[in-house]
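Student: I would like to go through the labels used for this structure. Please set each one against its cut-off.

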Amino acid sequence: MKILPRLSTLLLAGAMLASPALSAELRIGLADDADVLDPAQSRTFVGRIVYTAMCDKLVDVSPDLKIVPQLATEWAWSADGKELTMKLREGVKFHDETPFNAAAVVATIERNMTLPESRRKSELSSVEKIEAVGDYEVKFTLKAPDVTLLAQLSDRAGMIVSPAAAKELGANFGSKPVCAGPFKFVERVQQDRIVLEKFADYWDKDKVFIDKVTYLPIPDSTVRLANLRSGELDMIERLAATDAASVKSDAALTYADTVSIGYMAMYVNIANGPRADNPFGKDKRLRQAFSLAIDREALSQVVFEGTAMAGNQPYPPTSPWFNKEIPVPTRDVAKAKELMKAAGHETLDIELQHANSPVVTQMMQVIQSMVAEAGFNVSLKATEFATLLSEQSAGNFQLSRSDWSGRIDPDGNLHQFVTCEGGINDSKYCNAEVDKLLNEARASTDDAVRKQKYDAAAKILNDDLPIIYLGHQSWIWAIKKEVTGFVPSPDGMIRLLGVKKG
């Protein structure tokens, strides 16, 4: 059953989907539907939320953004920074009851590096080889020092999957994913629901108090909240900022939020197929004009009730990695018109695709109005989020609006999007100097040196603008009062260990 756009229908749909009540069943409303449920291939934020319950990683990220043990219990770098040795947790099983060990880690990492459909290749591009040096110990040998590797292993690149299932299913692993997390896959109905159930043999099962988790994609934030209040959902992510005050004053609900480490942005098709052959993709002056016509502070106030932070880089102005020499630009329509004229245009037609959620749609309508004053005639194309990402990958876009949930290391917010062979470089932007700077930043263990490299890259990217950054929003959750134990994290994930219902 596909979720429909009318509120009454949606509430009915939720009721029809509800299975017989379980005292420990958790129903979570997601803002989008996940893409393929294969850690090697996927790229959606909501997919990562599902993985947090289903697929343990070598290491995890704590609420204070520290790297902490998960399937790896300890690790150490060699003196030259080119070898990372990890000791692995013993007594762990995959959901198909096969054992977790060093061989499984090697198989997964090699799959991430070699599977033709893998999007993890650029994240692991520094890895020369991985080998088992014991039944429960692995060693990564790197081509060059890469301090970002641990951060990569705290996300999809470090999610270890069952070698038996991966071998059997290949690129179709997402049809029946088998991992080693607290919950195992039961079923998926596209655009409707993803169902997981408690894995009885989970290594940390004493912290699992939920028997079943159902994720329901409901793009309309108003409908998500209505379903929560009606009892069809127990928790929703990405509550609209306009509903924050209402939830805070509702005695039946709990409000939780935290500032995101990610960003909101628009991706320009620079060289991704035939649709890149247009003035906006070819002339950076037009992109600069477009950016200058946007009032980022106003976006925060109008669309996000002041809960978002204006931004123009892949990390917020509060981050130590932010280049203060490139401050968030103030709106300058006159300068935008000058740039347009210098590029030979009084007006320019642009198609801007975006996710079909109310908040994103409102944001795009505000931007559409702002840039119109500089001469840009923007037509908006709303689409389902997974479709949007598919269109981005295929190059079937001119300008596309998407979020990135963020990573704790600056490399994770930048490298794979703007390097020539980046795994999520949908713009197909390619600049040898940017590649050089970002690769050198990966190789240094000195944060001061890394900062210099990122600052230099930021100047080039701010001039070329393959990505037009808009700002940084807060993650906001609304939760039924009977659900307790949830701890908000800046990465936006919903971690279910310790969460109870009733």
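Tutor: What follows takes helix packing, then burial, then salt bridges. Keep in mind that this is a predicted model.

Student: Start with H9 and H11. Why are H9 and H11 called roughly antiparallel?

Tutor: Helix H9 (residues 284-292) and helix H11 (residues 333-342) pack at an angle of about 165°. Angles over 145 degrees count as roughly antiparallel. H9 and H11 are therefore roughly antiparallel to each other. Their axes lie 8 Å apart. The crossing of H9 over H11 is left-handed.

Student: Which residues in H9 meet which in H11?

Tutor: On the H9 side they are Arg-285, Leu-286, Gln-288, Ala-289 and Leu-292. On the H11 side they are Lys-335, Ala-336, Leu-339, Met-340 and Ala-342. By type, the contact of H9 with H11 has 7 nonpolar, 1 polar and 2 charged residues.

Student: What makes H10 oblique to H12?

Tutor: Helix H10 (residues 296-304) packs on helix H12 (residues 358-372) at about 140°, with axes 10 Å apart. Roughly antiparallel needs over 145 degrees, and roughly perpendicular covers 65 to 115. An angle of about 140° fits neither, so H10 is oblique to H12. H10 passes H12 in a right-handed crossing.

Student: What kinds of residue make up the contact of H10 with H12?

Tutor: 10 are nonpolar, 1 is polar and none is charged. From H10 come Ala-298, Leu-299, Val-302, Val-303 and Phe-304. They meet Val-359, Gln-362, Met-363, Val-366, Ile-367 and Met-370 in H12.

Student: Back to H9. Why is H9 described as largely enclosed by the rest of the structure?

Tutor: Because 7 of its 9 residues are buried. The buried ones in H9 are Leu-286, Arg-287, Gln-288, Ala-289, Phe-290, Ser-291 and Leu-292.

Student: How do you know that Gln-416 is buried?

Tutor: Its relative accessible area is 3%. Buried means under 20%, so Gln-416 qualifies. Gln-416 lies in helix H14 (residues 415-418). Leaving out residues up to four places away in sequence, Gln-416 touches Ser-122, Glu-123, Trp-404, Gly-422, Gly-423, Ile-424 and Asn-425.

Student: Now the charges. How many salt bridges does the structure hold?

Tutor: The structure holds 34. Lys-57, Asp-60, Asp-491 and Arg-495 are linked in a network of them.

Student: What makes Glu-83 and Lys-139 a salt bridge?

Tutor: Their closest N and O atoms are 3.9 Å apart. The cut-off is within 4 Å, so the pair counts as a salt bridge. Glu-83 sits in strand S5 (residues 83-88) and Lys-139 in strand S7 (residues 137-142), 56 residues apart.

Student: Why is Glu-83 called partly exposed?

Tutor: Glu-83 has a relative accessible area of 31%. Buried means under 20% and exposed over 50%. A value of 31% falls in between, so Glu-83 is partly exposed.

Student: What about Lys-184 and Glu-197: how far apart are they, N to O?

Tutor: They meet in a salt bridge at 3.7 Å, N to O. Lys-184 is in strand S8 (residues 183-189), and Glu-197 is in strand S9 (residues 193-198). Lys-184, at 26% relative accessibility, counts as partly exposed. So does Glu-197, at 34%.

Student: Asp-204 and Lys-207 also meet in a salt bridge. Is Asp-204 buried or exposed?

Tutor: Asp-204 is buried, because its 15% is under the 20% cut-off. Lys-207, at 44%, counts as partly exposed. Their N-to-O distance is 3.5 Å.

How values were computed
Residues are numbered from 1 along each chain as its sequence is written. This is a predicted model: local features need pLDDT of at least 70, side-chain atom pairs count only at pLDDT 80 or more; totals for chains, interfaces and linings use all residues. Side-chain values use heavy atoms; hydrogens and water are left out. Axes are lines fitted to C-alpha atoms, for helices over the stretch in contact, and angles run from 0 to 180 degrees between N-to-C directions. Helices (H or I, at least four residues) and strands (E, at least two) are DSSP runs, numbered from the N terminus. Angles under 35 degrees count as roughly parallel, over 145 as roughly antiparallel, 65 to 115 as roughly perpendicular and the rest as oblique. A crossing is left-handed if the near helix is turned anticlockwise from the far one by less than a right angle, and right-handed if clockwise. Contact means heavy atoms within 4.5 Å. Ala, Val, Leu, Ile, Met, Phe, Trp, Tyr, Cys and Pro count as nonpolar, Asp, Glu, Lys and Arg as charged, and the others, Gly among them, as polar. A salt bridge is a side-chain nitrogen of Lys or Arg within 4 Å of a carboxyl oxygen of Asp or Glu. Buried means under 20% relative accessible area, exposed over 50%, partly exposed in between (1.4 Å probe, protein chains only).
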